[in-house]
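Subject: Structure for you to look at

Hello,

Here is the structure I promised to pass on. Please open it and read my notes alongside.

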Amino acid sequence: MFVLDPTTLVGFHTWLSIIAIVAGIPMTAALLKGHLSQRWNGVYLSTSAATDITGYVFPFSGVLPSHIVGAISLLLLAIAAVALYGKGLRGGWRRTYAITAVLSFYLLIFVLIAQLFLKVTVLHTMAPTQSEPPFAIAQGIVLAIFLALTVLATRRFGNGVAALRSA
């Protein structure tokens with residue numbers, strides 16, 4: 001049985017990821033309804049950033065693809081934080097927030113799928129090097145879904161007036 005001990009670096013990093021993914025769902029759902037959930041946005045932004053940061057603490061030699069994804073995610077999260085907290089979602093910052101928040105959520109899901117193909121035996125058997133069609137198809141479907149979600153969130157949230165929700 002696979003148990004994630006939150007007192008280890010791997011366990012802590014993984015739990016942060018899980019919390020960020022869980023928080024990303026209602027965060028994105030609210031944006032799709034044209035609303036902003038202060039609670040879920042705060043949880044999402046903080047745990048997603050912490051996930052990215054803890055990813056750099058693991059021992060490594062050289063730059064890995066995970067470091068590139070983490071850097072892109074941190075950049076998106078920084079822009080989202082500036083849009084939300086620094087610029088108060090005024091003007092084009094509403095659209096900027098919707099775009100960067102949803103795209104950063106996509107990157108978490110991208111990594112989740114990569115980890116599932118590494119760790120779940122049946123998936124690993126189908127794509128052991130992650131260059132096989134099952135992996136590409138799964139990632140392609142998720143990318144298409146998130147591109148659509150980003151466009152919808154940008155239209156629905158980006159064009160409205162801030163509607164803050166406590167839930």
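Trp15 sits in helix H1, which covers residues 9-32. Please keep in mind that this is a predicted model.

Is Trp15 buried or exposed? Neither label fits. Its relative accessibility is 38%, so Trp15 counts as partly exposed. The cut-offs explain this: buried means under 20%, exposed means over 50%, and partly exposed lies in between.

Trp15 also has company on the surface. Together with Ile18, Ile19 and Val22, Trp15 forms a nonpolar patch there. The accessible area of these four residues together is about 330 Å².

Now the chain as a whole. How many helices and strands does it have? There are six helices and two strands. Read from the N terminus, the order is α-β-α-α-α-α-α-β.

Next, the overall dimensions. Along the principal axes, the C-alpha atoms fill a box of roughly 50 × 35 × 30 Å. The radius of gyration is 17 Å. A compact globule of 167 residues would have a value near 15 Å, so the chain agrees with that expectation.

On packing, 38% of the 167 residues are buried. I also looked at contacts with a separation of 6 or more. Of these, 69% join residues 24 or more positions apart.

Last, the surface. The accessible surface of the protein chain comes to about 9100 Å². Carbon and sulfur atoms account for 74% of that area.

Best wishes

Terms used
Residues are numbered from 1 along each chain as its sequence is written. This is a predicted model: local features need pLDDT of at least 70, side-chain atom pairs count only at pLDDT 80 or more; totals for chains, interfaces and linings use all residues. Side-chain values use heavy atoms; hydrogens and water are left out. Patches are made of residues with over 30% relative accessible area and no salt bridge: like charges are joined within 9 Å, nonpolar side chains (Val, Leu, Ile, Met, Phe, Trp, Tyr) within 5 Å. Accessible areas come from the Shrake-Rupley method with a 1.4 Å probe; for residues, only the protein chains shown count as cover. A salt bridge is a side-chain nitrogen of Lys or Arg within 4 Å of a carboxyl oxygen of Asp or Glu. Helices (H or I, at least four residues) and strands (E, at least two) are DSSP runs, numbered from the N terminus. Buried means under 20% relative accessible area, exposed over 50%, partly exposed in between (1.4 Å probe, protein chains only). The radius of gyration is taken over C-alpha atoms; the globule rule is 2.2 Å times the number of residues to the power 0.38. Contact means heavy atoms within 4.5 Å.
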